[in-house]
Amino acid sequence: MGRGPGARADWRLGARAPCPYKRPMTTDKEAPMRTATITRKTAETEISVTVDLDGTGAYSNETGVGFFDHMLDQLSRHSLIDMTIRARGDLHIDDHHTVEDTGIALGQALVAALGDKRGIRRYGECALAMDDAQVRCALDLSGRPFLVWGLALPTPKIGSFDTELVREFFQALSTHGGITLHVDQVHGLNSHHIAEAAFKAVARALRQAVEPDPRGANAVPSTKGSL
Ligand SMILES: [Mn+2]
């Protein structure tokens, strides 16, 4: 056969033909629910987080910090991970503990919902544009926390929200979610836009990473055999 489109079509058909040796030896057992609820109480905060990795991006987030709720809503909506978050923190001091501890609890909830990470894509990436801002995210659900942070928010506040807390949140999420998380600002003039683009970029990357990989044969996507 020649090298025209027909040949390529044949090759692709061949590659996709069922291979009995690669089929996992499974029963008809249903896939486990990828949901988790974490509750976390300290002298500073009391937080509950529920996630469903196979959701539709339905959310209900109430932390007492308006801008942060807006960002958590973006994280859910654009990752398609359903999230219900309730936080009661020591806001009379500032928003720091509430934001950081929500990141901790959300990271723990993701770990619990992911289980042994069988069959997921593991990696995700997104370059997200929002008006003047462009933020890039590349992440790996590696089990190895590492944050590479390249945002330079031009103002110290977004409304009453301390912009430095954006990094604090993602640091906590990376550490407690076992996520290698790179977030870089390519462009940006407005702090609200840059922060929101960051949350949306991470959301889109997370969506890819937690999704089932149809060619992944329900295996742990690592040559080590565990993540
Ligand atoms: Mn906004």
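**Packing around Leu173, the four-stranded sheet and the nonpolar core**

Beyond its neighbours within four places in sequence, Leu173 is in contact with Gly103, Leu106, Gly107 and Ile179. The model is a predicted one. Leu173 belongs to helix α4. Leu173 counts as buried because it has 27 C-beta neighbours inside 10 Å, and the cut-off for a buried residue is 20 or more. Pro145 lies 28 residues away from Leu173 along the chain. The C-alpha atoms of Pro145 and Leu173 are nevertheless separated by 8.8 Å.

Helix α4 covers residues 164–177. From first to last C-alpha, the 14 residues of α4 reach 20 Å, close to the 20 Å expected at 1.5 Å a residue. Its buried residues are Leu165, Val166, Phe169, Phe170, Ala172, Leu173, Ser174, His176 and Gly177. These buried residues pack against two helices, α3 and α5 (191–210). They also pack against the strands β7 (146–150), β9 (161–162) and β10 (180–187). Gly178 follows α4 and has a positive phi, near 60°.

Helix α3 (residues 96–114) is one of the packing partners of α4. Its 19 residues should span 27 Å at 1.5 Å a residue, and its end C-alpha atoms are 27 Å apart, so expectation and model agree. Helix α3 is mostly covered, with 14 of its 19 residues buried. As with α4, a glycine comes next: Gly115 follows α3, and its phi is positive, near 60°.

An open sheet of four strands was identified, with the order β1-β2-β4-β3 and mixed pairing. The edge positions are held by β1 (35–41) and β3 (59–62). Each edge strand has a single partner, so one side of each is left without a neighbour in the sheet. On average, neighbouring strands of this sheet are turned by 5° against each other, direction ignored.

Strand β3 pairs with β4 (residues 82–89) in the parallel sense, over four bridges. Within this pairing, Tyr59 has Met83 in β4 as its bridge partner. Helix α2 (residues 66–79) lies across β3 and β4 and runs at about 155° to β3. Helix α3 also packs on the sheet, where it touches β1, β2 (45–52) and β4. The direction of α3 makes about 35° with that of β2. Together, β3, α2 and β4 form a β-α-β unit, and this unit is left-handed.

In soluble globular proteins, nonpolar side chains tend to be buried together. Here the largest nonpolar core has 56 residues. Val135, Ala198, Ala201 and Val202 have the most contacts inside this core. Helix α5 gives the most to the core, with twelve residues. For Ala201, contacts beyond four places in sequence are made with Cys126, Leu128, Val135, Arg136, Cys137 and Val183. Val135 thus appears both among the core residues with the most contacts and among the contacts of Ala201.

Over the whole protein, five helices and ten strands are assigned. Of its 227 residues, 37% count as buried. Among contacts with a separation of 6 or more, 77% join residues 24 or more positions apart.

Conventions
Residues numbered from 1 in each chain as written. Predicted model: local features only at pLDDT ≥ 70, side-chain atom pairs only at ≥ 80, totals over all residues. Pairing = 2+ DSSP bridges. Axes fitted to C-alpha atoms, helices over the stretch in contact; angles between N-to-C directions. Contact = placed C-beta atoms within 7 Å. Expected span 1.5 Å × (residues − 1). Buried ≥ 20, exposed ≤ 12 C-beta atoms within 10 Å, placed from the backbone. Right-handed = clockwise from strand over helix to strand, strands pointing away. Core = buried A, V, L, I, M, F, W, Y, C linked by C-beta atoms within 7 Å.
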